[in-house]
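User: Please take a close look at the salt bridges in this predicted model. Which side chains pair up, and how buried or exposed are the partners?

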Amino acid sequence: MLQADAIITLDAGRYRLRAPLASSSYGVIWRASGPRAEVALKLVNCQQMARAEPAQRQRWIASASKEIAFLRALEPWDERHIVRLLDSGAHGALPVMALELLDGDLGRHVATERNAGRPIAFNQVLAWLSQVNQALAKVHQYGWRYLDLKPANLLLDARDGSVKLADFGTSRPLAERVAHAYSGSANWQAPEQFFPNPQGRFDTDARSDYFALGAMFYYLVSGGVQLRFCSDCGAAYRAFEGAGAAQLLAQHGGQVPVTLRADEAALFLHRIARQGSGGPDALALLRALLAPERQQRPCHGLEISRMIGAIRAARSPT
């Protein structure tokens, strides 16, 4: 079991564990002191590994190894809105990575601001949306679909207020066109990522990430309120796990629930109007990202970037 002051030796140096920062289904992240600076040390959770079935263990190891391989492949410029890998190696024959230490995740920040009664400025939302779009563009350029975009996987850099994308263990190659097993987080998924095909598999691509980007856009503008489509999917998965999609379809007469309801669109416009113009262009982008059929969503990050530019132009003083 990991404890504070334990030493982890990786390829480029030794790291002393200071305090746990976060944990997931198979990983644990510690603040650690390294050769040059403090880092976020991401390790596979040994206790979880001991309880897991062999096939699950192999999936967890493969996910961590995949994340290391992706981050190693990035050129320095491509790290601008993607968390930087500083070192990697193994501990107890399990993969370990040392990542730049940032300042908490976007979900916690939004909750803090909401609880303090401080609305997030719409211009800040647009800046974050643009940064996440750039990060996804890099993920897609390097041949992957991310498949797990959510506030907890966006880390804040307090130096300039920007966000960086983290946690690439669920990513899948874009070139793999066969439908795959379930992966990701039910509260933030496109319909094709939550509702399986007749064979019980999931057919996703880069445009599945754009749906999650739309869900994030709504969440930020609304001050931390989730789309009901997303919260309903999350509730169904928590209650029924793999059978949650069938339960939700049954509740809606066999149809996929509406992804953006009229009252949600109205709230979205109202929140933006309180801070100035640009609402109609923003709603057009939101509808495009949240299209229930992926063929109706933007096909490239450049298209999204242009739509963000149109929103900014509509907000510029004449």
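Analyst: The side chains of Arg159 and Asp157 meet in a salt bridge, with an N to O distance of 2.6 Å. The two partners differ in their surroundings: Arg159 counts as exposed, at 69% relative accessibility, whereas Asp157 is buried, with a relative accessible area of 3%.

A further bridge joins Arg297 to Glu192, whose closest N and O atoms lie 2.8 Å apart. This pair links distant parts of the chain, 105 residues apart: Arg297 belongs to the loop between helix 10 (279-289) and helix 11 (301-315), and Glu192 to helix 5 (residues 191-194). Arg297 has a relative accessibility of 4% and therefore counts as buried, since the limit for that class is under 20%. Glu192 is likewise buried, its relative accessible area being 13%.

Arg31 and Glu38 form another such contact through their side chains, at 2.8 Å from N to O. Here Arg31 is partly exposed, with a relative accessible area of 30%, and Glu38 is also partly exposed, at 35%. Both values fall between the 20% and 50% limits, which is why neither residue is classed as buried or exposed.

Beyond these pairs, a network of salt bridges links Arg177, Asp203, Asp205, Arg207 and Arg294. In total, the predicted model contains 19 salt bridges, counted with a nitrogen-to-oxygen cut-off of within 4 Å.

Conventions: Residues are numbered from 1 along each chain as its sequence is written. This is a predicted model: local features need pLDDT of at least 70, side-chain atom pairs count only at pLDDT 80 or more; totals for chains, interfaces and linings use all residues. Side-chain values use heavy atoms; hydrogens and water are left out. Buried means under 20% relative accessible area, exposed over 50%, partly exposed in between (1.4 Å probe, protein chains only). Helices (H or I, at least four residues) and strands (E, at least two) are DSSP runs, numbered from the N terminus.
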